[in-house]
Amino acid sequence: MTKRDATQLADYECALETIGNVIALKARDIAHEQRKATPDEAHVDTLRREQSELAGQRSKLRLEDREGIASVIDQYGKLVRANALQGPL
C-alpha cells in the first residue's frame with residue numbers, strides 16, 4: 001500500500017466514523033426529547049429522518065470519492081467537534 005493509498009483509506013474511515021458520530025448525536029437528541037414531559041414528536045420524527053439520511057449517505061460513500069470524503073469531514077466534523085466541546089446534554 002502506498003502512502004497515498006493509506007492516506008486515502010484513513011480519510012475514508014474518518015468520514016465514515018464522522019457520519020456515525022453525527023448519527024449518534026441525533027440519537028442523543030431523540031432520547032433527550034423523549035425524556036421531556038411532552039415530547040415534540042414532529043421533532044423526533046425529523047431527527048429520525050435525518051439519521052436515516054445520514055446512514056444512506058454513509059452507505060453511498062466510496063473510497064474513491066475524495067471530494068465526497070472531504071465534504072463529509074468538513075461539514076460534519078465541525079458539528080462533531082462542537083458537540084464534543086459542549087459535552088453531554
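1. A salt bridge is taken here as a side-chain nitrogen of Lys or Arg within 4 Å of a carboxyl oxygen of Asp or Glu. By that criterion the side chains of Lys-78 and Asp-74 form a salt bridge, with 3.5 Å from N to O, and a search of the whole structure finds 5 salt bridges.

2. On the basis of these values: this is a predicted model, in which local features need pLDDT of at least 70 and side-chain atom pairs count only at pLDDT 80 or more, whereas totals for chains, interfaces and linings use all residues. Residues are numbered from 1 along each chain as its sequence is written, and side-chain values use heavy atoms, with hydrogens and water left out.

3. Helices are DSSP runs (H or I, at least four residues), numbered from the N terminus. Lys-78 and Asp-74 both belong to helix 3, where they stand 4 residues apart, about one turn of the helix. As for accessibility, buried means under 20% relative accessible area, exposed over 50%, and partly exposed in between, with a 1.4 Å probe and protein chains only. Lys-78, at 49%, is partly exposed, and Asp-74, at 45%, is partly exposed too.

4. Helix 3 runs over residues 66–86, and its 21 residues reach 30 Å from the first C-alpha to the last, close to the 30 Å expected; the expected span is 1.5 Å times one less than the number of residues. Helix 3 nevertheless has a kink of about 35 degrees, centred on Gly-77, where the bend at a residue is the angle between axes fitted to the seven residues ending there and the seven starting there. Gly-77 is also one of the buried residues of helix 3, which include Ile-69, Val-72, Tyr-76 and Val-80. The cover over these buried residues includes helix 1 (3–34) and helix 2 (41–60), contact being heavy atoms within 4.5 Å.

5. In helix 2, the end C-alpha atoms are 29 Å apart, which agrees with the 28 Å that its 20 residues should span at 1.5 Å a residue. Its buried residues are Val-44, Leu-47, Gln-51 and Leu-54. They cover an arc of only 80 degrees around the axis, so they lie on the same side of helix 2; the arc is that of the directions from the helix axis to the C-beta atoms. These buried residues pack against helix 1 and helix 3, while Ala-42, Ser-52, Glu-53 and Lys-60 are exposed on the other side of helix 2.

6. Glu-53 also takes part in a salt bridge with Arg-49, the closest N and O atoms being 3.7 Å apart. Arg-49 and Glu-53 are 4 residues apart in helix 2, and therefore separated by about one helical turn. Arg-49 is partly exposed, at 46% relative accessibility.

7. At the N-terminal end of helix 2, Asp-40 acts as a cap, with a side-chain oxygen 3.1 Å from the backbone nitrogen of Ala-42.

8. Gln-8, in helix 1, is buried, with a relative accessible area of 13%. Its side chain makes a polar contact with the side chain of Arg-66 at 2.7 Å, a polar contact being a pair of N or O atoms within 3.5 Å, of which, within protein, one must be able to donate a hydrogen and the other to accept it, and residues adjacent in sequence count only if both atoms are side-chain atoms. Leaving aside residues up to four places away in sequence, Gln-8 touches Leu-63, Glu-64 and Arg-66.

Methods. Helix = DSSP H or I, 4+ residues; strand = E, 2+ residues; numbered from the N terminus.
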